[in-house]
Amino acid sequence: MKQQISLDINGRVYDLVISHRDLLVDVLRKKLGLTGTKKGCGNGDCAACTVQVDGEPTLSCLTLAISCQGKKIITVEGLAQPGGALHPIQEAFVNQGAIQCGYCTPGMVMSAKALLDKNPKPTLEEIKLAISGNLCRCTGYKRIIEAIEIAAATMSAQEVK
Ligand code: FES
Ligand code: FES
């Protein structure tokens, strides 16, 4: 069954006709071209598909798009700063060498963003917990954790959201 819905994504409202079974990850990637959000396992096991829905880190491969009506969705494309500069979390990932193949990176960045939005000065354990569902096959996690620690310090100093 097709239905017309509106989704608020990165501060812009999109009017769409979708099936009630369409997953958020597929709507983002295939209907809207927001391919920053990655689809890895498609089963809730890797968190490559993480976006924020009303501030909460959310697996878009397990979320029906229709359930997101009236909510605020943020994808990795929505992190760009005025003028298009990278968000401090993205910058820290680049500077720390926390990216190799990059497939996990948008999900990692969105999990980190959800953490730092609520807890600007997390402990090491809190950082590890926040990304505990995000799988990375390349980096060994150490540089990712360091990048989030640096991003937290930068964001607190610059008062960046
Ligand atoms: S693609 Fe969603 S958890 Fe793996
Ligand atoms: S950088 Fe390749 S999976 Fe994480």
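Q: Which sign does the phi of Asn 10 have in the hairpin of strand 1 and strand 2?

A: Asn 10 takes a positive phi, near 55 degrees. Two residues lie between the strands of this hairpin. The model is predicted: local features need pLDDT of at least 70, side-chain atom pairs count only at pLDDT 80 or more, and totals for chains, interfaces and linings use all residues. Residues are numbered from 1 along each chain as its sequence is written, while chains are lettered from A and ligands numbered from 1 in the order in which they are written.

Q: Why are strand 1 and strand 2 said to pair?

A: Pairing requires DSSP to find at least two bridges between two strands. Strand 1 (residues 2-9) and strand 2 (residues 12-19) have eight, in the antiparallel sense. So they count as paired. Ser 6 stands opposite Asp 15 in strand 2.

Q: How many helices and strands does the chain have?

A: It has five helices and five strands. Both are DSSP runs, numbered from the N terminus: helices are H or I with at least four residues, strands are E with at least two. From the N terminus on, the order is β-β-α-β-β-β-α-α-α-α.

Q: Why is Gln 81 called partly exposed?

A: Count the other C-beta atoms within 10 Å, placed from the backbone: 20 or more means buried, 12 or fewer exposed, and in between partly exposed. Gln 81 has 13, so it is partly exposed. It sits in the loop between strand 5 (72-74) and helix 2 (88-95). By the burial count, 40% of the 161 residues are buried.

Q: Why does the radius of gyration agree with a compact globule?

A: The radius is taken over C-alpha atoms, and the globule rule is 2.2 Å times the number of residues to the power 0.38. For 161 residues the rule gives a value near 15 Å; the chain has 15 Å, so the two agree. The C-alpha trace spans about 45 × 30 × 25 Å along its principal axes.

Q: Where do the domains lie in the chain?

A: Domain 1 covers 2-78 and domain 2 covers 80-158. These bounds come from an automatic or database domain assignment. Contact means C-beta atoms, placed from the backbone, within 7 Å. The contact between the domains takes 16 residues from domain 1 and 14 from domain 2.

Q: Which strands each supply at least two residues of the side of domain 1 that touches domain 2?

A: Strand 3 (50-53) and strand 4 (56-59) do. Strand 3 gives the largest share, three residues.

Notes. Contact = placed C-beta atoms within 7 Å.
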